[in-house]
Amino acid sequence: MRIFIILFLLLTSLMAKSSDFSVIVNKPFDDALFDITEDYDRQISAVGFSKEYKQSSANRSNTYTNAFDYLSSVADAHGPQMHLLKIDKYANINLSKATKMSRFSEAIAVVKTPSNGYFVGGYTLDGSLIILKLDSNGNIIFNKTFGTKNYDRMNNLIKLSDGGILAIGSSITSRSQHDGLFETGLGLNDIYLTRFSKDGRKLWSKKYGTEYDDRGIDAVEAFDGSILVLSTTSNEKNKNITLMRITENGNKIWLKHYEADEVITPYKIIRLRDNNFLVSLTQKDDMKKEQIRLIKFDLQKNVLIDQKIHTTYSSGLKDIKEYSDGSIVGVGYVQDAYNTDALVMMLDSGLDMLHQEHYGEQNYDMFNAVTILHNSQAAAAGIYTYEDTQNSNMWVVKLNRDATIAQKSVKSVNVYEELIKLFKNEISTGKMTIKEDLSIEFMDSELYFKVAQYELTKVQKLYLDKFSDKLIPFLHRYKEYINTLEINGHTSSEWNDDNFTSRYLKNEKLSMNRSYSTLSHIFKNQDLKKQTWLTNILKGSGLSFSKKIMRSENENREKSRRVSFKIILK
């Protein structure tokens, strides 16, 4: 793998584009991101930790005669603080904010609130659990610290249908006779759940487990309000996983153990659109390599699919999400003895792999979380380590459906302004209009089609030649940002005295012919290189009379018989 990775990195360093949507926050000391979400304004928000200096309340005028006394006084002056990032579609960081808490802490999960704010869950390094409610600018609305008197650790925070949240993690077993919540405990570590209302009021806290070491990993709410909990149980011989279903009040409904001879490590449980559930985990094979295993089951714990995905190197999916068509995106890691890379995997609804990509340098890189965006792209958050350093960095990447890295958006206003400059003569003479949505319309009456005609006239051909001689090189210059060039054919609404159905269908065919004649004329006049590129962006459509031109509530039939253009950005 090492030789392959070196070759891969050499190739990607040559092919890397500054337009790739990959944001690395390079700060001093170790930093990381553990969860990610999309805001209602379509920015991306991610949470994790950054190493910050904590303000000491000690008297800074103290004089030390012993070096060890001084080191002791500053030993806790530097450590992690919860960190929130907000990134826009242009890959600009609009917010990078670390909490200023009295104790060092790490954020591990983020949940959106209806006001575009956040619930952020995490823990302090001395063993307390934390929930913050933040506004959309990352300002703290309230801060709640909770847990037992022992060392507690949160693993996730999930959103519930009533607007509340559920914190899941683990707690060291209490042995204190004075612990009012847990007098004896169950084992070494216990699963620890706490439910909060939408206004942050704690509704209940409960522990679950065996006499062994139990840790809560993740949870998800079912359609009926019950909750499915994913956890591990470890003893001297095995590390197995447990699925538990509880009521909305935390009472146990059923329990199912998955045991294996090799170590099993669970990462994620999600509810699917068909109201079944999917668990992502890893299981070591005979060669002691971690292999991805996905288990789909129903609410009554019946296993529907148990799929193992065999890879050349140890791999794991730390987070999974479902698209609207039932396909799955998963992110995590792939590693050998020399290197760990971030892993992206696309699966179909039957859990068969469609695409797989690895990202990172020859060091330690990993994706911890993924979210599906409004446009069916995905965003992943994790850790990136530069090859020549030892410090991890916060990392956010936007992904396409084929697991490749998406491109940054280019500001449409800039493209619009450049188009206005390019066609300023045509606009000033009234032959063309360009709108801010990057749609282009011809205004000269000689460029409209005659009734029922779709073949281009000599005047139309000459104008299209001049038009495309400007437009196509312009689009090629910005090809990293251009998704589609639409050429849309249009008609007026009349067609003899035919009924509506007949008029629409006949005009639909006519509009498609007008689009095709325009598209083919432009395409044939390009060289082979441009033609090859245009096949990726050209889209011809017939819109019949759905976009007819209206003036004072009356149809302008002449101007409706036309073609229009629209540029769609990535």
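How many nonpolar, polar and charged residues does the lining of the second largest pocket have? In this predicted model, that lining divides by class into 13 nonpolar, four polar and 12 charged residues. The points below describe this pocket, an antiparallel sheet that includes one of the strands lining the pocket, and the largest nonpolar core.

**Second largest pocket**
- The second largest pocket holds about 1,000 Å³ of space, and its lining is made up of 29 residues, with Lys 159, Val 220, Ile 270, Lys 321 and Thr 371 lying nearest its centre.
- Two or more lining residues come from each of the strands S2 (31-38), S6 (105-112), S10, S14 (213-221), S18 (264-271), S22 (314-322) and S26 (366-372).

**Sheet S10-S11-S12-S13**
- Four strands, in the order S10-S11-S12-S13, make up an open sheet with antiparallel pairing, and its edge strands, S10 (152-159) and S13 (202-208), each pair on one side only.
- From one strand to the next, the twist averages 20 degrees.
- Strand S10 is joined by seven bridges to strand S11 (residues 165-172), the two running antiparallel, and Leu 157 has Ala 167 in S11 as its bridge partner.

**Largest nonpolar core**
- The largest nonpolar core contains 31 residues, among which Leu 419, Phe 467, Leu 471, Phe 565 and Ile 567 touch the most other members.
- At least two residues of this core are supplied by each of several elements, including helix H3 (412-422), helix H6 (500-524), strand S31 (482-489) and strand S35 (563-569), while helix H5 gives the largest share, seven residues.
- In soluble globular proteins, nonpolar side chains tend to be buried together.

Methods
Residues are numbered from 1 along each chain as its sequence is written. This is a predicted model: local features need pLDDT of at least 70, side-chain atom pairs count only at pLDDT 80 or more; totals for chains, interfaces and linings use all residues. Side-chain values use heavy atoms; hydrogens and water are left out. Two strands pair if DSSP finds at least two bridges between them. Axes are lines fitted to C-alpha atoms, for helices over the stretch in contact, and angles run from 0 to 180 degrees between N-to-C directions. On a 1 Å grid over the protein atoms alone, a cavity is a set of points where a 1.4 Å probe fits but cannot get out, and a pocket is an open set with protein on both sides within 12 Å along at least five of seven lines; lining residues have an atom within 4 Å of a point. Grid points are joined across faces, edges and corners, and a volume is the space filled by probe spheres set on the points. Ala, Val, Leu, Ile, Met, Phe, Trp, Tyr, Cys and Pro count as nonpolar, Asp, Glu, Lys and Arg as charged, and the others, Gly among them, as polar. A nonpolar core is a set of buried Ala, Val, Leu, Ile, Met, Phe, Trp, Tyr and Cys residues joined through side-chain atoms within 4.5 Å. Buried means under 20% relative accessible area, exposed over 50%, partly exposed in between (1.4 Å probe, protein chains only).
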